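Hi everyone, thanks for making time this morning. I'd like to walk you through one model, so please have a look at the screen.

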Amino acid sequence: MPYTHHPVCYIGELGPASAVNRKPNLGPRVSIVDHEGKLLARIGDPHPGLGPTQFLGPHGMAVDSRGDVYVGEVGWTLWPGLFPNEPRPEPIRTLRKFEKVR
C-alpha cells in the first residue's frame with residue numbers, strides 16, 4: 001500500500017531580531033506549510049509586539065493530537081534588540097497556546 005499521509009510543517013520565523021530577516025520582513029510569526037511548501041496558514045503578524053496577534057520571537061513549537069499549537073518565545077532575550085528604549089514588561093510571556101479552529 002502506498003504511503004498517503006502528507007505531513008505538515010510548522011516554521012517559527014524569528015523576524016527582525018535577525019538582521020537578515022529585516023528586508024523582506026519574515027516575521028515574527030509561525031507559518032504552516034504542506035509537504036510541497038504551500039502556505040496553509042500563518043499565525044501572527046509581521047511586526048513584533050505583545051498584542052494578541054503578535055510574537056516577539058517564536059522559537060519552540062509543539063502540536064498536540066487535536067491540532068492545537070503551542071509556541072515558546074524568546075521574548076526576554078529579544079526585547080532589548082527589538083525595543084531598545086523600552087524597559088521589559090513584567091511578566092513577559094514565554095509560552096502561548098493556539099487552538100485549532102474546527
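Let me start with a term you will want for the cavity-minded part of this talk. On a 1 Å grid over the protein atoms alone, a pocket is an open set of points where a 1.4 Å probe fits, with protein on both sides within 12 Å along at least five of seven lines, and lining residues have an atom within 4 Å of a point. Grid points are joined across faces, edges and corners, and a volume is the space filled by probe spheres set on the points.

Now two sentences of housekeeping. This is a predicted model, in which local features need pLDDT of at least 70 and side-chain atom pairs count only at pLDDT 80 or more, while totals for chains, interfaces and linings use all residues. Residues are numbered from 1 along each chain as its sequence is written, and side-chain values use heavy atoms, with hydrogens and water left out.

So, the overall layout. The protein has one helix and six strands, and from the N terminus the elements go β-β-β-β-β-α-β. Helices here are DSSP runs of H or I with at least four residues, strands are runs of E with at least two, and both are numbered from the N terminus. Of the contacts with a separation of 6 or more, 41% are between residues 24 or more positions apart, where contact means heavy atoms within 4.5 Å.

On to the sheets. Strands 1, 2 and 3 make an open antiparallel sheet in the order 1-2-3; two strands pair if DSSP finds at least two bridges between them. Strand 1 (9–13) and strand 3 (39–43) are the edges with a single partner strand each, so one side of each has no neighbour in the sheet. On average, neighbouring strands in this sheet are turned by 20° against each other, direction ignored; the axes behind that angle are lines fitted to C-alpha atoms, and angles in general run from 0 to 180 degrees between N-to-C directions. Five bridges hold the antiparallel pairing of strand 1 with strand 2 (residues 29–33), and there Ile 11 stands opposite Ser 31.

The other open sheet has the order 4-5-6, again with antiparallel pairing. Its edge strands are strand 4 (58–63) and strand 6 (95–98), each pairing on one side only. Strand 4 pairs with strand 5 over five bridges, with Val 63 opposite its bridge partner Val 69 and Gly 60 opposite Gly 72. Strand 5 is joined to strand 6 by four bridges, one of the partnerships being Tyr 70 with Lys 97.

What about strand 5, is it enclosed or open? Four of its five residues are buried, so strand 5 is largely enclosed by the rest of the structure. Buried means under 20% relative accessible area, exposed over 50%, and partly exposed in between, with a 1.4 Å probe and protein chains only. Over the whole protein, buried residues are 33% of the 102.

That brings us to the cores. A nonpolar core is a set of buried Ala, Val, Leu, Ile, Met, Phe, Trp, Tyr and Cys residues joined through side-chain atoms within 4.5 Å. The largest one has seven residues: Val 30, Ile 32, Ile 43, Phe 55, Val 69, Val 71 and Phe 98. Strand 2 and strand 5 (69–73) each give at least two residues to this core. A second, separate core has six residues, including Leu 56, Leu 78, Leu 82 and Phe 83.

Back to the pocket, then. The largest pocket has a volume of about 280 Å³. Its lining includes Val 8, Tyr 10, Ile 32, Leu 40, Ala 41, Ile 43, Gly 67 and Val 69, and strand 3 contributes most, with three residues.

Finally, a few loop details. Gly 67 takes a positive phi near 90° in the hairpin of strand 4 and strand 5, which has five residues between the strands. Glu 90 and Pro 91 are joined by a cis peptide bond with omega about -10°, and Pro 91 sits in the loop between helix 1 (75–82) and strand 6. Most residues other than glycine have a negative phi, and most peptide bonds are trans. His 35, in the loop between strand 2 and strand 3, is partly exposed at 43% relative accessible area. Thanks for listening!
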